[in-house]
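The report that follows goes through selected features of one model, beginning with pairs of charged side chains. Please keep the structure shown here in view while reading.

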Amino acid sequence: KWDEAITHFQAAMEHAAGAELVALHGLVGRCHQTPGRLAQALESYEESARLAEQFNDKRGQAAALDRVGVVLRDQGRFDQVLEKSEAALRLARETGARVEQASVLGNIGVFHYVSGEPAKALGYYQDALKIHRETGDRHGQAMVLCNIGLASSENGQQDKAVKYCERSLALAREIGEKRIEA
């Protein structure tokens, strides 16, 4: 019920200010992105990033720019992805926002993977995995372990790929993440 959720978030915006608006625009972006309405998602995430900058919400800006990068990647606009992602990573590091750092690192890894650079992707995935472990984010760990497996396979390291995919599968089953398990 994405559109229903958007209606509720938009109603909440009438009573919100500052960082609350940043978050609400980000949620609207997610509601557009999940069913594949990428142009609308991009618009919402860019508004979230703009508001975050206006209200000096660097953590919110990092999260919004990370999502902008993902949507640009999904739209095939690769020439703009790294600029947004690197800005997001810089802000996340500046604010000590570990969750956002791990997300950006993982998404930069995905960018390099889909750009045909699996060896480069592996470094970003390993950095993201380290943060996911430090923060106890088991969902993030399962996702990144799977990505490491895929990149290792593309990099010709089949034994390593199987090891990481098996670890991802076991963790996904343990935490009940059916999407990662599949």
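## A salt bridge between helix 1 and a loop

Arginine 37 has a relative accessible area of 23%, and since partly exposed residues are those between 20% and 50%, it falls in that class. In this predicted model, arginine 37 forms a salt bridge with aspartate 3, and the closest N and O atoms of the two are 2.9 Å apart. Aspartate 3 belongs to helix 1, which covers residues 2-13, whereas arginine 37 sits in the loop between helix 2 and helix 3, so the pair ties together parts that are 34 residues apart in sequence. Aspartate 3 is likewise partly exposed, its relative accessible area being 48%.

## Other charged pairs

Side chains of opposite charge can pair when their charged atoms come close. Across the whole structure, a search finds 10 salt bridges. One pair is made by glutamate 94 and lysine 58, whose closest N and O atoms are 2.4 Å apart. This pair links distant parts of the chain, as glutamate 94 lies in helix 5 (residues 78-95) and lysine 58 in helix 4, 36 residues apart. Glutamate 94 is partly exposed at a relative accessible area of 48%, and lysine 58 is partly exposed at 30%.

Another salt bridge joins the side chains of arginine 50 and glutamate 47, with an N to O distance of 2.7 Å. Here both residues lie in helix 3, three residues apart, which is about one turn of the helix. Arginine 50 counts as partly exposed with 42% relative accessibility, and glutamate 47 is partly exposed with a relative accessible area of 25%. Elsewhere, Arg98, Lys130 and Glu134 are linked in a network of salt bridges.

## Histidine 112 in helix 6

Histidine 112 is found in helix 6, and its relative accessible area of 3% makes it buried, a class that requires a value under 20%. The side chain of histidine 112 is joined to that of glutamate 117 by a polar contact of 2.7 Å. When neighbours within four places in sequence are left aside, the residues in contact with histidine 112 are Leu82, Glu117, Pro118, Lys120, Ala121 and Tyr124.

## Asparagine 56 between two helices

Asparagine 56 is placed in the loop between helix 3 and helix 4. The phi angle of asparagine 56 is near 55°, which is a positive value in a residue other than glycine. With 59% relative accessibility, asparagine 56 counts as exposed, whereas histidine 112 in helix 6 is buried.

## The largest pocket

The largest pocket holds about 1,300 Å³ of space. Several helices give two or more residues to the lining of this pocket, namely helix 2 (19-33), helix 3 (38-54), helix 4 (58-74), helix 6 (98-114), helix 7 (118-135), helix 8 (138-154) and helix 10 (178-181). In total, 41 residues line the largest pocket, and those that lie nearest its centre are Arg30, Arg67, Ser103, Asn107 and His139.

How many residues of each class make up the lining of the largest pocket? By class, the lining comprises 20 nonpolar, 12 polar and nine charged residues.

Note on methods. Residues are numbered from 1 along each chain as its sequence is written. This is a predicted model: local features need pLDDT of at least 70, side-chain atom pairs count only at pLDDT 80 or more; totals for chains, interfaces and linings use all residues. Side-chain values use heavy atoms; hydrogens and water are left out. On a 1 Å grid over the protein atoms alone, a cavity is a set of points where a 1.4 Å probe fits but cannot get out, and a pocket is an open set with protein on both sides within 12 Å along at least five of seven lines; lining residues have an atom within 4 Å of a point. Grid points are joined across faces, edges and corners, and a volume is the space filled by probe spheres set on the points. Helices (H or I, at least four residues) and strands (E, at least two) are DSSP runs, numbered from the N terminus. Ala, Val, Leu, Ile, Met, Phe, Trp, Tyr, Cys and Pro count as nonpolar, Asp, Glu, Lys and Arg as charged, and the others, Gly among them, as polar. Buried means under 20% relative accessible area, exposed over 50%, partly exposed in between (1.4 Å probe, protein chains only). A polar contact is a pair of N or O atoms within 3.5 Å; within protein, one must be able to donate a hydrogen and the other to accept it, and residues adjacent in sequence count only if both atoms are side-chain atoms. Contact means heavy atoms within 4.5 Å. A salt bridge is a side-chain nitrogen of Lys or Arg within 4 Å of a carboxyl oxygen of Asp or Glu.
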